[in-house]
Amino acid sequence: MTRRLDQQTEATFEAHSLTPDRWHDLEQLFGPSGAYAGCWCMWWRVAGKDWTACRGEGNRTAFKEIVDSGEVPGILGYADGRPVGWCAIAPCDAYMRLREERVRIFKRVDDKPVWTITCFYIDRNYRNQGLMLKLLEAALSYAASQGATIVEGYPLDTAGDHKAPSSAYTGLLSAFQKAGFVEVLRRHEGRPIMRYFITK
């Protein structure tokens with residue numbers, strides 16, 4: 001998938017599934033700190049005590065094992081061939097905290113099978129350029145190709161507040177709305193549960 005970023009840049013955007021041959025691109029994007037303070041996109045997949053114990057190198061190793069197994073845990077975005085953005089998407093059951101309903105405000109809405117978008121990470125030099133929306137669109141396209149019919153997400157509703165980028169790691173409500181998601185439930189003022197319904 002190739003397209004231009006917004007009018008503020010001439011960079012060309014591409015999106016690709018994270019496969020073993022692209023692992024080094026993810027490492028380049030996440031950097032030595034592993035994106036959010038050593039998370040390596042493992043927070044949703046393990047219990048809190050395990051995430052803390054493995055923070056950093058342990059989480060990196062665990063996430064690499066997932067990628068090496070052949071599972072695709074998300075989408076990498078590129079600008080002119082450089083990795084600049086990440087969107088985690090997988091069937092809900094891949095995320096232990098969601099599967100076991102350990103996060104109260106994100107408990108299951110119903111028994112329908114859903115894919116879930118849990119995390120974004122965007123290079124600081126490419127923020128505020130519409131990249132989150134493009135990653136969302138690429139993630140939806142991938143989910144549809146895998147037979148998904150519902151994609152769920154938990155974006156931050158800033159409601160005019162200025163939040164730190166790290167607090168919006170699940171995405172921003174405005175981007176989800178632009179991508180065609182609709183709100184289906186809200187158990188917390190700032191965290192709506194959004195869904196996108198894929199039609200065949």
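The questions and answers below concern a predicted model.

Reader: Which strand does β5 pair with in the antiparallel sense, and which residue stands opposite isoleucine 117 there?
Author: Strand β5, spanning residues 115–122, is mostly covered, with eight of its eight residues buried. Its antiparallel pairing runs over seven bridges and is made with strand β4, residues 82–91. Within this pairing, the residue that stands opposite isoleucine 117 of β5 is isoleucine 89.

Reader: Which residue is the bridge partner of isoleucine 117 in β6, and what is the hand of the crossover that leads from β5 to β6?
Author: Strand β6, residues 150–153, pairs with β5 in the parallel sense over three bridges. In β6, the bridge partner of isoleucine 117 is glycine 153. The chain passes from β5 through helix α6, residues 131–145, before it reaches β6, and this β-α-β crossover is right-handed.

Reader: Which element gives the largest share of the largest nonpolar core?
Author: The largest nonpolar core holds 33 residues, and Leu26, Phe30, Phe63, Trp86 and Phe106 are those with the most contacts inside it. Two or more residues come from each of α1 (23–30), α4 (57–68), β3 (74–79), β4 and β5. Another core, of 32 residues, lies apart from it and includes Ile89, Leu136, Phe176 and Ile198. Within the largest core, the largest share is four residues, and the element that gives them is α1.

Reader: Which strand gives the most to the nonpolar patch on the surface, and why does valine 184 count as partly exposed?
Author: The patch is formed by Val182, Val184, Leu185 and Phe197, which together have about 290 Å² of accessible area. Three of its residues come from strand β7, residues 182–186, the strand that gives the most, and valine 184 is found in that strand. Since partly exposed residues fall between the limits of 20% and 50% relative accessible area, valine 184 counts as partly exposed because its relative accessibility is 33%.

Reader: Is cysteine 41, whose phi is positive, buried or exposed?
Author: Most residues other than glycine have a negative phi. Cysteine 41, in the loop between α2 (34–38) and α3 (48–54), has a phi near 60°. Its relative accessible area is 9%, and therefore cysteine 41 is buried.

Reader: Is aspartate 80 buried or exposed?
Author: Aspartate 80 lies in the loop between β3 and β4, and although this residue is not a glycine, its phi is positive, at about 50°. The relative accessibility of aspartate 80 is 57%, so the residue counts as exposed.

Terms used
Residues numbered from 1 in each chain as written. Predicted model: local features only at pLDDT ≥ 70, side-chain atom pairs only at ≥ 80, totals over all residues. Heavy atoms only, no water. Patch = residues over 30% accessible without salt bridge, like charges linked within 9 Å, V, L, I, M, F, W, Y side chains within 5 Å. Areas by Shrake-Rupley, 256 points an atom, 1.4 Å probe, with all protein chains shown as cover. Salt bridge = Lys/Arg side-chain N within 4 Å of Asp/Glu carboxyl O. Buried < 20%, exposed > 50% of the residue type's maximum accessible area, 1.4 Å probe, protein only. Pairing = 2+ DSSP bridges. Right-handed = clockwise from strand over helix to strand, strands pointing away. Core = buried A, V, L, I, M, F, W, Y, C linked by side-chain atoms within 4.5 Å.
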